[in-house]
Amino acid sequence: MGDVRRKKIALIGAGNIGGTIAFLSSVKEVGDVVLFDVVEGMPQGKALDLSHAAPIHGSSVSIIGTNDYADIADADLCIITAGLARKPGMSRDDLIATNSKIMTSVAENIKKYAPNSFVIVISNPLDAMVTLCQRVTGFEVNRVLGMAGVLDSTRYRAFIASELNVAPSVISALVLGGHGDTMVPIRSHTTVSGIPVSHLIDSDKLDAIEKRVRGAGGEVVSLLKTGSAFYSPASSGIEMAESILKDQKKVLPCAAYLNGEYGYEGIYMGVPAVLGGNGVEKVIEVSLTEEEAAAVKTSAEHVKELIGILPA
Ligand code: TXD
């Protein structure tokens with residue numbers, strides 16, 4: 001008898017992003033959801049609220065909230081948003097000490113209760129947190145990946161669409177490298193229905209757009225005052241989750257483990273990857289201009305520095 005049960009998604013962290021991913025998982029029927037958090041009652045309250053919305057959305061997935069890791073048992077996919085979010089004036093790197101402690105405990109519990117799961121890490125500083133998660137779980141590197149490039153690329157796409165007054169969905173964009181100020185929008189592979197973006201927007205304007213992409217997270221943080229962006233990060237996470245759980249084989253920029261690709265070995269960094277039923281199925285090496293390659297190198301060096309300060 002074939003396995004026809006719904007996939008099980010464990011959301012470790014039921015805060016702004018975790019709760020929004022749970023909502024998207026329900027509306028899009030990506031899979032059953034277990035919302036886990038350390039705050040007593042909060043995941044249970046969000047799960048109950050989400051279940052009240054299900055009849056309207058015609059969703060049949062089950063959503064439970066819990067403070068007990070045992071409830072994530074045998075999840076097919078774990079999505080980690082556990083950790084502190086930035087406050088105005090904070091860099092993503094400022095979160096490394098606190099979030100490393102949290103990530104270690106989360107990864108140990110995933111290893112114990114969901115040893116065969118795929119893991120998408122969202123917590124910041126992303127490149128360090130996904131590295132730590134893979135180290136602590138010891139999972140094969142194709143099963144552990146980070147969400148950043150999809151978010152940074154969708155921001156790039158949104159700004160280009162707004163500038164050209166075209167449908168955001170016709171923009172295809174790549175942002176590679178680390179998830180921080182050194183991220184690299186890849187102009188040479190960004191198109192509007194296949195038309196190179198540099199044929200439609202002048203270089204100065206594209207420079208300004210790309211600068212805004214690098215600062216987009218901070219722009220939202222400074223407006224929100226408490227907390228950081230969550231609708232677009234959650235949407236980015238669910239696109240990656242769907243590509244894995246439905247074996248869609250989308251090519252998405254994500255923090256993947258490099259085994260020599262782009263000249264790097266043994267680090268996680270944002271690169272185009274095929275996401276399918278076996279997780280990161282292939283890292284795709286794209287040609288880069290000299291300027292882009294230099295910027296990716298700078299970004300990789302920053303990622304290495306960040307990984308270097310992780311607890312041993
Ligand atoms: O592109 C990206 N990767 C980034 C990631 C985009 C935006 C936000 N980025 C980071 O995601 C952000 O800097 C944070 O590190 C995470 C989660 O952001 P979110 O906005 O969801 O933060 P919240 O609302 O504070 O939720 C975090 C939850 C909160 O409910 C805590 O109680 C919980 O994490 N938490 C824990 N859950 C499980 N286990 C432990 N130990 C734990 N500690 C806190």
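Trainee: Which residues in helix 3 meet helix 4?
Mentor: On the helix 3 side they are Ile96, Asn99, Ser100, Met103, Thr104, Ala107, Glu108 and Lys111. Their partners in helix 4 are Ala128, Met129, Leu132, Cys133, Val136 and Thr137. Contact here means heavy atoms within 4.5 Å, and helices (H or I, at least four residues) and strands (E, at least two) are DSSP runs numbered from the N terminus.

Trainee: What should I keep in mind about the model?
Mentor: It is predicted, so local features need pLDDT of at least 70 and side-chain atom pairs pLDDT 80 or more, while totals for chains, interfaces and linings use all residues. Residues are numbered from 1 along each chain as its sequence is written, and side-chain values use heavy atoms, without hydrogens or water.

Trainee: What about helix 6, how many residues does it have?
Mentor: Helix 6 covers residues 203-224, which is 22 residues. From first to last C-alpha it reaches 31 Å, close to the expected 32 Å (1.5 Å times one less than the number of residues).

Trainee: Where is the kink in helix 6 centred?
Mentor: The kink is centred on Gly215 and amounts to about 60°, the bend being the angle between axes fitted to the seven residues ending there and the seven starting there.

Trainee: Which residues of helix 6 are buried?
Mentor: They are Leu206, Ile209, Glu210, Val213, Ala216, Gly217 and Val221. Buried means under 20% relative accessible area, exposed over 50%, and partly exposed in between (1.4 Å probe, protein chains only). The buried residues of helix 6 pack against helix 5 (149-164), strand 8 (175-176) and strand 9 (184-185).

Trainee: And Ser203, what does it count as?
Mentor: Ser203 lies in helix 6, and it counts as partly exposed because its relative accessibility is 41%. Its C-alpha is separated by 44 Å from that of Val136, with the two positions 67 residues apart along the chain.

Trainee: Back to helix 5: what should its 16 residues span?
Mentor: At 1.5 Å a residue they should span 22 Å, and the end C-alpha atoms are indeed 22 Å apart. Its buried residues include Gly149, Asp152, Arg155, Tyr156 and Phe159.

Trainee: What residue follows helix 5?
Mentor: Asn165 follows helix 5 and lies in the loop that leads to strand 7 (171-172). Its phi is near 55°, a positive value in a residue other than glycine.

Trainee: Is Asn165 buried or exposed?
Mentor: Asn165 is exposed, because its relative accessibility is 71%. Tyr262 has a positive phi too, near 60°, and is found in the loop between strand 12 (250-259) and strand 13 (265-276). Tyr262 counts as buried because its relative accessibility is 15%.

Trainee: Changing topic, which peptide bond is cis?
Mentor: The bond from Asn124 to Pro125 is cis, with omega near -10°. Pro125 is placed in the loop between strand 5 (118-121) and helix 4.

Trainee: What does Arg92 touch?
Mentor: Leaving out residues up to four places away in sequence, Arg92 touches both Asn124 and Pro125, along with Arg86, Arg155, His179, Gly180, Asp181 and Gly217. Arg155 is among the buried residues of helix 5, and Gly217 is one of those buried in helix 6.

Trainee: Where does Arg92 lie?
Mentor: Arg92 lies in the loop between strand 4 (77-80) and helix 3. It counts as buried because its relative accessible area is 7%. Arg92 and Gly263 are 171 residues apart in sequence, and their C-alpha atoms are 26 Å apart in space.
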